[in-house]
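Reader: Please give me a close look at the side-chain pairing here. Start with the terms, then go pair by pair and keep it connected.

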Amino acid sequence: MGLFRRQPLMRRVILATLPCAAGSVYFFGWRSLAVIAVSCLAAFLTEYSFCRRRKEPVSEAVFVTGILYALVMPPTIPWHVLIIGIVFAIAFVKEAFGGFGRNVFNPAVAGRCFVYVCFPVAMTSTWAPAAQGPLGALTQWTTASVDAITSATPMALLKAGEISLSSSDMFYGLFLGRISGTMGVTSALLILIGGAYLYFTRTANRTLIVTVVATYAVLNQVLHSLGVEPVPTGLQALLGGGFLFGAFFMVTDPISAPSTQGGRIAYAILIAVCTLIIKNFSIFNGGLMFSILIGNMFGPILDYAAKALRKSGKAEAA
């Protein structure tokens, strides 16, 4: 028995995360790479401790969880918070349910939610600015210094009505990624590069991607056009807050998402609606994390309903 269970699909997901991982180093310094490495190591050791007792190989998916979890962390995340979250994700969200393929919730999302609730100051109060200049932060360990930490992300200030984004801000900040935020999700361009790889290689389910992105964009644009505040435009909603990263890499998790076509459509719509509501009308600046967990909770029953409707339709046709 080998140490790892071979999973080519998971390797493709890891490959798709490389642009975002490289962007985290470029914008926030080499500490970001260390955060990813520590997250993956802690995830592996946690899963190995369970798999060793069951005499099973460690899933290569554990590194996907470790990378995704790290990329949605603030660049300033303390090491103990990082490790506690990923250990919780693997031990209580994945292994407690029996290991790979049996978890109900997305481990990376659940791990981030856990530390978000338990360590709110570390997760929300301090943010490192993105490096400027052609070399970015490639010559720095981190961009966070005593004089260079902001108290809130631009997306939080935008929601509060304290700032507005010009076309230049949209391009350089939200699209290219020169904006403070979590490590690997500030650049829509880099997310789209990795996401396009997932989409065209069919590594991620296309129905989930198209449905959640289209629903979220259309709903935001309609409500913004009706003057509902603080709902942003559809384009701004897609580019900001890491929504695209979640849509490509987390909503599409094959284990916690429904397996039927009808279930997937309903699941994606549910996540998009919940994200819009939580992000704009609650105290939280980004609602996708909670929305995915809500979707995970209803995933099995959505599959059941889709199968029941299909069976009913076939019976009527007969």
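Author: Helices here are DSSP runs of H or I with at least four residues, strands are runs of E with at least two, and both are numbered from the N terminus. By that count, the protein has 14 helices and two strands. The model is predicted: local features need pLDDT of at least 70, side-chain atom pairs count only at pLDDT 80 or more, and totals for chains, interfaces and linings use all residues. Residues are numbered from 1 along each chain as its sequence is written, and side-chain values use heavy atoms, with hydrogens and water left out.

Now burial. A residue is buried under 20% relative accessible area, exposed over 50%, and partly exposed in between (1.4 Å probe, protein chains only). Of the 318 residues, 51% count as buried. Contact means heavy atoms within 4.5 Å. Among contacts between residues at least 6 apart in sequence, 75% join residues at least 24 apart.

Salt bridges come next. A salt bridge needs a side-chain nitrogen of Lys or Arg within 4 Å of a carboxyl oxygen of Asp or Glu. Side chains of opposite charge can pair when their charged atoms come close. The structure holds four such bridges.

Take Glu-60 and Arg-11, whose side chains meet at 2.8 Å, N to O. Glu-60 sits in the loop between E2 and helix H3 (61-71), and Arg-11 in helix H1 (residues 8-28), so this bridge ties together parts 49 residues apart in sequence. Glu-60 is buried, at 11% relative accessible area. Arg-11 is partly exposed, at 39%.

Glu-47 and Lys-94 also form a salt bridge, again at 2.8 Å, N to O. This pair links distant parts of the chain: Glu-47 belongs to helix H2 and Lys-94 to helix H4, 47 residues apart. Glu-47 counts as buried, with a relative accessible area of 2%. Lys-94 is buried too, at 3%.

Glu-95 bridges to Arg-54, with their closest N and O atoms 2.8 Å apart. Here the loop between H4 and H5, which holds Glu-95, is linked to helix H2, which holds Arg-54; the two residues are 41 apart. Glu-95 is buried, at 5% relative accessibility, whereas Arg-54 is partly exposed, at 30%. Shared partners join Arg-54, Glu-56 and Glu-95 into one salt-bridge network.

On to the rings. Rings of Phe, Tyr and Trp (its six-membered ring) pair if their centres lie within 6.5 Å; planes under 30 degrees apart count as stacked, over 60 as edge-to-face, and the rest as tilted. The whole structure yields 12 aromatic pairs. One of them, Phe-88 with Phe-114, is stacked: 4.0 Å centre to centre, 5° between the planes. It joins distant parts of the chain, with Phe-88 in helix H4 (residues 79-94) and Phe-114 in helix H5 (residues 107-118), 26 residues apart. Phe-88 is partly exposed, at 22%. Phe-114 is partly exposed as well, at 26%.

Tyr-116 and Phe-284 make a tilted pair, 5.9 Å centre to centre with 50° between the planes. Tyr-116 is in helix H5, while Phe-284 is in the loop between helix H13 (261-281) and helix H14 (288-317), so far along the chain that 168 residues separate them. Tyr-116 is buried, at 16%, but Phe-284 is partly exposed, at 27%. Elsewhere, Tyr-26, Phe-27 and Phe-28 form one aromatic cluster.

Charges also meet rings. A charge sits over a ring if NZ of Lys or CZ of Arg is within 6 Å of the ring centre and within 35 degrees of the ring normal. Arg-31 lies over the face of Trp-79, 4.5 Å from the ring centre. Arg-206 does likewise over Tyr-199, at 4.6 Å.

Trp-79 has a second role in the picture. Together with Trp-30, Leu-33, Ile-83, Leu-135, Leu-138 and Trp-141, Trp-79 forms a nonpolar surface patch of about 670 Å² accessible area. Patches take residues with over 30% relative accessible area and no salt bridge; like charges are joined within 9 Å, nonpolar side chains (Val, Leu, Ile, Met, Phe, Trp, Tyr) within 5 Å. Areas come from the Shrake-Rupley method with a 1.4 Å probe, and for residues only the protein chains shown count as cover. Within the patch, Leu-33 lies in helix H2 (residues 31-54) and is partly exposed, at 41%.
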